[in-house]
Amino acid sequence: MTELLKIDNLGKRFAGFVALENISLAVAAGERVGLIGPNGSGKSTLVNCICGTLPNDTGSVRFDGHVLDGSSAHQRTRRGLARTFQLPRPFASLSLLDNIRIPLIYTVAARGIHRSGHEIEARCVELLREVGLEGKARRLPRDLTQVEMRKLELARAMAAEPKLLIADESMAGLTHSEIEEIITLLLRLNQRGVTIILIEHIMRAVMSFSRRLVVLVSGRKIADGQPDDVMRNPEVERAYLG
Amino acid sequence: MRSPLFFLICLIVGGAVFAAAVALGNDYYFFAGYVVLQYVVLSTAWNILGGYCGYVNFGSAAFFALGAYSTVALHRLYPLPIPAMLIADGVVSGVVGFGMGYLTLRLRGAFFAIATLALAVVLETLIVNWEYVGGSRGAYIVRPESIGPFGNYIEYLFLIMMLLAVAAITAARVIERSRLGFGFATIRDDELAAEASGVPTLRLKLIATTISGALMGMAGAPFPYYIGYLQPSSAFSLDYAVNSIAMPLIGGTTSWVGPLIGAILLGSLQQLATVTISSAVNLLIVGLLLVGFVIVAPNGIIGLVHKYLQRKPDDFVGRRHVDAEAPNRVPGPAP
Amino acid sequence: MIFSFDLLINAIVSGILIGAFYAAVTAGVSLSFGILDIVNIAHPAFIILGSYIAYIVSVSLGLDPIITSILVMPAFYALGAGIYQIYYVSFEKRGQESLRGLAFFFGLLFITEVSLVLYFGVDYRYVEAPYIGPTWHIGYVDIPMRLLVPCLVSLLLIAVLQLVLTRTFIGRAIMAVAQDQFALQLMAVDPIRIKRIAFGISIATASLAGAFLIIIQPVEPSVGRQYIGRVFAICVLGGMGSLPGTLIAALLIGVFESLTSTFYGPSWAPAVSFGFLLLALAVRPAGLLGR
C-alpha cells in the first residue's frame, strides 16, 4: 500500500517545554489509525503540526509525496489533509449550508474542479444529509446541540474531499448512541477510501474503530501496532494505570 | 438584484440628490453633502476590513491624509484633473495598505489594530517633516472658479464624491455576495477554522487592506481642493478615525447598508451639530453613541431593525449576523 | 546637529529618568494587555484623567500630586473593576472582544479625552511642588528633580507590583488566569473575579502615572495620544506582561527618544516609539497563534 502520510523525527517545543520529541509515523492510504495518550501527551500538538496550524521545530512532514514543511494550513488542506477541532469551531455567522460551502468553494475549487452554483448547493445539502443535519440547513450553528456541532465539524471536513481526515476527539461528551453514529459515519468515509486518524479518549470507540493504534506519552511515541498488542504493552499499561 | 442594475439605481438616486441640491440653490448643501458622502466612502471602506474581516483599522485618517497629500504632491508636479488624481491616489494608498498588511497581518487582530495606530502617527510625522508638501505650515491649493458645465466648483466636487460613494457601496455589495465575501466572513468568525477549511486567509486579508486603503485614499484625494488650505492636523484629524469606526458599528457591520446608514445619519447629525453646538460636544456624542451601540446593539441599526421586525437575519440581508448570544468559546490560543 | 559629549550624556540621563516613568505608565498595560489580553487603548486617557485630578487637588487644596494620586487610587481601582465588568458581560462572554471590544475602548479613550477638553479646555495645566523647580548638578550632568522624583517612585511602583504578582496569592492567580482559566476554576477561584481585580489594579496604576506625568510636563487632554504607541511598543518589546522586561524596554525607548529629540529635533520624537512598535510587531514570531 502507498504511504500517504510520513512524519520523520518531528519535534516541537514551547519555550522550555518539549511538547513533541522525535515522532516518526507512517500512515498508508486507506488505514484506520487510532491515536491515544494521556492528557497533555501532545496529541493535539501533533495534529496542529501535521496540519500546519503550528510550525514544527525539527523533522519533516510528507503527505502524498509532497513535503509539507513551510506550507500554510490552507495549502495542506488543499493537498487533501482535513481535520476537525477538539472544540468545534463553526463559522458562527454563517448558516450550516454556508459552513459546508466554504471548503467547497475554497478547497475543492482550488483543485481545479469547477462546479456551478446549483451543483455546489446540491453538494452542500447532500453532505448535511449524510450527517443528518439537512433539516437545519439554513439555521445558524448556535441552534445546534453538542453532537450536532460535532457532526457539522465532520461534515465540513468531509466537504474538503480529503484523502486523510484527522478526527480530533469528535466524541467527547456524547452518549452511547451518539458515539455509534459518529463511528458509523467515519467507517462509511473510510470505506470510500478516506484514510482516517482518530484521536480519542473513549477506549471502546478507539478499539472498535482502529486497525492500528499509536500511543503518545509525554510527547513521545511509545507504541505503534495492532490494537490488542499495543494494549498489552507494559509501557502502555504503566502510562494509563500508573 | 444583479449588480449592474444596483449600480444604475444608485446612480439615479445619486443624480436625483444632486439635482435636488442644485434646485435648493444654496451652496451650503453641497459643502455639507460633500462631507457626508466622504464619510459614506470612508465607512464603507473601513467596513470591508473591519466589519467583513473583523480587523480593526484605527488609522483611517492616515489613508485619508495619504490621499490628500498625494494630491498635493502631484498637483505641485502637474495639476491633473481630479478623476486622474483619484486613481493615482487610490493606487498609492492601496500600495501602502498592502505594505502595511504584509507587515502586520500575520499577527492577531489586536496587534494589527495597534499597528495601524502606529502607522498613522509615523505617517503624520513623516508628512509634518516633508517640506515639499508644506510640512507643518500647510499647503495652499487654489480651487478653480468653475469647471465645465458646473456653475460652481463645489458642485463638481460634490458630484465626484457622489460617484465615488456609489462606486464604493456597489463594490462592497459585490464583495459581500461573492466568494471573497464568504472568505472574509470566515476570517472574522474563526480564522483558524478558515485556514483548516482551505481559505487562504493571509491573501484575503491583504486584498481587504488594499481595497480598504485604496478607497480611503480616494476619499481623501479631492480634499485639498475642497478645503483650499491643507494642514496635517486637518488631514490627520481624529474625526476621521472615530467616525469611520463609529458609523459602520452604529449602522451595522454585516452589510453595505450599515455604513451607508451610519454615515448618512451620523454625518448629517454632525453637520447640523457643528453649526449649533461646539465640535467638541459633537465628538463626545459620537463617542458615547459608539460605546452605547457597541454594548447594547452590537448589530447596529440593521440589527435593531431586524429585532423590531422579528425576522431571522438570513431572511433579510443575507447571511452575516453577529451572534450576540454565541456559546462561550474559551478565549486564547488554540489547543 | 551639534554633537557634544555633555549633550550626549545629558540626553542619555534624562532618557533613563523618563524611561523609568514610561515603565510606570506601561505597567498598567502590561497587566491588562500583556497578561489579561485586553486591548485597553484607553489607558493613556485614564492617565491624563489622573493628571487632571492631581491638578485640581493641587490647585484647590495644595496637596502634593503624588500623595493625591495615591489617595485617589481606590477610586481608579473601582473604575477599572467597573469597566472590566461591562467589558466582560458585553464582549468577552460573547467572544466579540476583537472588534467590538476594541471599539469600546477606543470610544472610552475618546469620551474621556473630549470630556476633559469640555471641562478644562485645551490649555496646558501644570502643578506646583517643591521638587519641580530645582535641578541637581553633578559635573556637567543635569538631573532635574521633576524627572528624578517620578523616576524613583516609578521604580518603587514596579518593584511593588512585581512583588504582588510573584509573592501574593492574588498576584499568582492573576498570572495563572492568563495561562489556564480552567485550572483556576478547578481550584474554586473565580477567574472573572481575578481578572476584575487585575484590571482594577491596572487602572489604579494610571492614577499614579498621571501624577508623575503632570510633574514632568504640562498636560492637556490630547497628550494621552502620544502615549498610546509608546505604551504598546514598550509592552510588546518588554515581552508582554513581564514587568522586568517592561522596565528594560521602557528605558531603551526613553533613551532613544531622548537622543532623537536632542540631535534631530523634537518633531521626530513621536516616530521613535511608534517606529519601534512597528519594528517589534514585524519581528514577532509569525503565526495566528502569536503571543
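Helices H2(B) and H12(B) cross in a right-handed sense. The model that shows this crossing is predicted. This report starts with that helix pair, moves to a second pair, and then turns to single residues, whole chains and the interface.

**H2 and H12 of chain B**

Helix H2 covers residues 27-52 of chain B. Its axis lies 8 Å from the axis of H12(B), and the two helices pack at an angle of about 70°. Angles of 65 to 115 degrees count as roughly perpendicular. H2(B) and H12(B) are therefore roughly perpendicular to each other.

Which residues of H2(B) meet H12(B)? They are B:Tyr39, B:Leu42, B:Ser43, B:Trp46, B:Asn47, B:Gly50 and B:Gly51. Facing them from H12(B) are B:Tyr240, B:Asn243, B:Ser244, B:Ile245, B:Met247 and B:Pro248. By class, the residues of this contact divide into seven nonpolar and six polar, with no charged residue.

**H1 and H6 of chain B**

The second pair joins helix H1, residues 3-24, to helix H6, residues 153-177, both of chain B. Their axes come within 10 Å and cross at roughly 155°. Angles over 145 degrees count as roughly antiparallel, so H1(B) is roughly antiparallel to H6(B). The crossing of H1(B) past H6(B) is right-handed.

On the H1(B) side, the contact is made by B:Ser3, B:Phe6, B:Phe7, B:Cys10, B:Leu11, B:Gly14, B:Phe18 and B:Val22. H6(B) supplies B:Glu155, B:Phe158, B:Leu159, B:Met162, B:Val166, B:Ile169, B:Thr170, B:Arg173 and B:Val174. By class, 12 residues of the contact are nonpolar, three are polar and two are charged.

**Two residues of chain B**

B:Thr209 sits in helix H9, residues 201-220 of chain B. Is B:Thr209 buried or exposed? B:Thr209 has 28 other C-beta atoms within 10 Å. The cut-off for a buried residue is 20 or more, so B:Thr209 is buried. Leaving aside residues up to four places away in sequence, B:Thr209 touches B:Leu49, B:Gly97, B:Phe98, B:Met100, B:Gly101 and B:Leu105. B:Ile227 is 18 residues from B:Thr209 in sequence, and their C-alpha atoms are 27 Å apart in space.

B:Val91 belongs to helix H4 of chain B. Here, 14 other C-beta atoms lie within 10 Å. A residue with 12 or fewer would be exposed, and one with 20 or more buried. B:Val91 is therefore partly exposed. B:Val91 and B:Leu157 are 66 residues apart along the chain, with 20 Å between their C-alpha atoms.

**Chains B and C as wholes**

Chain B holds 16 helices and two strands. Its radius of gyration is 20 Å, close to the 20 Å that the globule rule gives for 335 residues, so chain B is as compact as a globular protein of that length.

Chain C comes to 11 helices and two strands. Along the sequence its pattern is α-α-α-α-β-β-α-α-α-α-α-α-α. A compact globule of 291 residues would have a radius of gyration near 19 Å, and the 19 Å of chain C agrees.

The table sets out further values for each chain. Long-range share here means contacts joining residues at least 24 apart, among contacts between residues at least 6 apart in sequence.

| Chain | Span of C-alpha trace along principal axes | Residues buried | Long-range share of contacts |
|---|---|---|---|
| Chain B | about 60 × 45 × 40 Å | 55% of 335 residues | 79% |
| Chain C | about 60 × 45 × 35 Å | 52% of 291 residues | 77% |

**Where chain B touches chain C**

How many residues of chain B are in contact with chain C? There are 46, and they contact 43 residues of chain C. On the chain B side, the elements giving two or more residues are helix H4 (82-104), helix H5 (109-128), helix H8 (191-196), helix H12 (238-251) and helix H14 (279-296). The largest share, 13 residues, comes from H5(B). By class, this side of chain B has 34 nonpolar, eight polar and four charged residues.

Two of these elements appeared earlier. H12(B), which packs against H2(B), also gives residues to the side that touches chain C. So does H4(B), the helix that holds B:Val91.

Conventions. Residues numbered from 1 in each chain as written. Chains lettered and ligands numbered in written order. Predicted model: local features only at pLDDT ≥ 70, side-chain atom pairs only at ≥ 80, totals over all residues. Contact = placed C-beta atoms within 7 Å. Helix = DSSP H or I, 4+ residues; strand = E, 2+ residues; numbered from the N terminus. Nonpolar A, V, L, I, M, F, W, Y, C, P; charged D, E, K, R; others polar. Rg over C-alpha atoms; globule rule 2.2 N^0.38 Å. Axes fitted to C-alpha atoms, helices over the stretch in contact; angles between N-to-C directions. Parallel < 35°, antiparallel > 145°, perpendicular 65-115°, else oblique. Left-handed = near helix turned anticlockwise from the far one by under 90°.
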